[in-house]
Amino acid sequence: MLNIILMGPPGAGKGTQAKKLIAKYNIPHISTGDMFREAIKEGTPLGKLAASYINDGHLVPDDVTIGLVKERLSKDDCANGYLLDGFPRTIPQAEALEVIAKEIGREVKYVIDIETPKEELVRRICGRRVCKKCGAPYHIINIKPKVDGICDICGGELVQRPDDNEEALTVRLDAYVKQTKPLLEFYKNKGLLTTFDGSNSSDLTPKLIAFLGE
Ligand code: AP5
Ligand code: MG
């Protein structure tokens, strides 16, 4: 079963690769960042709470995030696998995921880490535009839409994320190094971790597919 975690710093290309992989493997893309942004758009209590952390680049508290993922993973569409993007991001989240996954009989099989140099992350984040409707990521230079400012997939308007500015990015990179990077060791010790070079990843998707299998 393709129970996958996609890891990597902000801008590594998790969302970009996830969209391609789910099209191939027909498993749900579970991005906690996307779920929080959806809640913010809808103005729900979860959205209001999440916004107070996300917009400045801080992590949303573990109990909130774990509860959200627990509910999502128990849905029927995860029966044949799932692709987690941006979760877990702390050791307590990873430990909680182990318990949840065991409970529902859907244990993690692959942890894919996309490594990308810091200067490239800054370039990508500052030039990123995302679809207001479906969240698909583009880049003003690297990955342009067919029509300027319009999403290729759903025709939605392309906008900049509120946390895609240099100030918030500094906080996000710091959170990644201090809170998320220790997870690489955690999963390496479990024999689940595989690292891929995301720096020039126009050809990363075929490599990931070759690794995961047809
Ligand atoms: P989240 O939405 O997960 O953001 P992130 O981890 O900072 O990662 P990004 O979405 O910024 O980058 P990405 O790796 O997906 O890159 P992308 O494919 O878009 O989380 C946002 C916030 O939500 C967090 O800061 C936190 O507050 C909260 N949150 C979420 N999960 C949480 C959790 N578990 N616990 C607590 N809080 C949580 O690509 C980036 C750009 O580069 C795009 O413009 C793209 O077009 C371009 N690009 C991609 N690949 C390439 C390539 N190969 N070459 C050139 N350009 C490329
Ligand atoms: Mg993303």
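**Exercise 1. The antiparallel sheet**

How many bridges join strand S5 to S7, and in which sense do the two strands run? Then place S6 and a packing helix.

*Solution.* This is a predicted model: local features need pLDDT of at least 70, side-chain atom pairs count only at pLDDT 80 or more, and totals for chains, interfaces and linings use all residues. Residues are numbered from 1 along each chain as its sequence is written, chains are lettered from A and ligands numbered from 1 in the order in which they are written, and side-chain values use heavy atoms, with hydrogens and water left out.

Step 1. Fix the terms. Helices (H or I, at least four residues) and strands (E, at least two) are DSSP runs, numbered from the N terminus. Two strands pair if DSSP finds at least two bridges between them.

Step 2. Two bridges join S5 (residues 128-131) to S7, and the strands run antiparallel. Cys 131 stands opposite Leu 158 in S7.

Step 3. Helix H6 (residues 118-126) packs on this sheet and touches S5 and S6. The direction of H6 makes about 45 degrees with that of S5. Axes are lines fitted to C-alpha atoms, for helices over the stretch in contact, and angles run from 0 to 180 degrees between N-to-C directions. Contact means heavy atoms within 4.5 Å.

Step 4. Write the order. The sheet is open, has three strands and reads S6-S5-S7, with antiparallel pairing. S6 (137-139) and S7 (158-159) are the edge strands; each has a single partner strand, so one side of each is left without a neighbour in the sheet.

**Exercise 2. The parallel pairings**

Trace the parallel pairs that involve S1, S2, S3, S4 and S8, and judge how enclosed S3 and S4 are.

*Solution.* Step 1. Start at S3 (residues 81-85). Five bridges join S1 to S3 in parallel, and Leu 2 stands opposite Gly 81. S2 (residues 29-31) also pairs with S3 in the parallel sense, over three bridges. His 29 has Leu 83 as its bridge partner in S3.

Step 2. Go on to S4. S1 and S4 pair in parallel over four bridges, with Tyr 110 as the partner of Ile 4. Five bridges join S4 to S8, again in parallel. There, Glu 115 is partnered by Asp 197.

Step 3. Check burial. Buried means under 20% relative accessible area, exposed over 50%, partly exposed in between (1.4 Å probe, protein chains only). Five of the five residues of S3 are buried, so S3 is largely enclosed by the rest of the structure. For S4 the count is five of six, so S4 too is largely enclosed.

Step 4. Sort the S3 side chains. In a regular strand the side chains alternate between the two faces of the sheet. Gly 81, Leu 83 and Asp 85 point one way from S3, Tyr 82 and Leu 84 the other way, and all are buried.

**Exercise 3. Two contacts of H8**

Describe how H8 packs against H5 and against H7.

*Solution.* Step 1. Two packed helices are described by the angle between their axes and the distance between the axes.

Step 2. H5 (residues 91-103) and H8 (residues 182-189) pack at about 35 degrees, with axes 9 Å apart. Ile 91, Ala 94, Glu 95, Leu 97 and Glu 98 in H5 meet Pro 182, Leu 183, Phe 186 and Tyr 187 in H8. The contact has seven nonpolar, no polar and two charged residues. Classes: Ala, Val, Leu, Ile, Met, Phe, Trp, Tyr, Cys and Pro are nonpolar, Asp, Glu, Lys and Arg charged, and the others, Gly among them, polar.

Step 3. H7 (residues 166-180) and H8 also pack at about 35 degrees, with axes 5 Å apart. Tyr 176, Val 177, Lys 178, Gln 179 and Thr 180 of H7 touch Pro 182, Leu 183 and Leu 184 of H8. This contact has five nonpolar, two polar and one charged residues.

**Exercise 4. The two sides of H9**

Which residues of H9 are buried, and what covers them?

*Solution.* Step 1. In H9 (residues 204-212), the buried residues are Leu 204, Thr 205, Leu 208, Ile 209 and Leu 212. They cover an arc of only 135 degrees around the axis (directions from the helix axis to the C-beta atoms), which puts them on the same side of H9.

Step 2. Their cover includes S1 (2-7), H1 (14-25), S4 (110-115) and S8 (193-197).

Step 3. The face turned away from the buried side carries exposed Pro 206 and Ala 210. Gly 213 follows H9, with a positive phi near 95 degrees.
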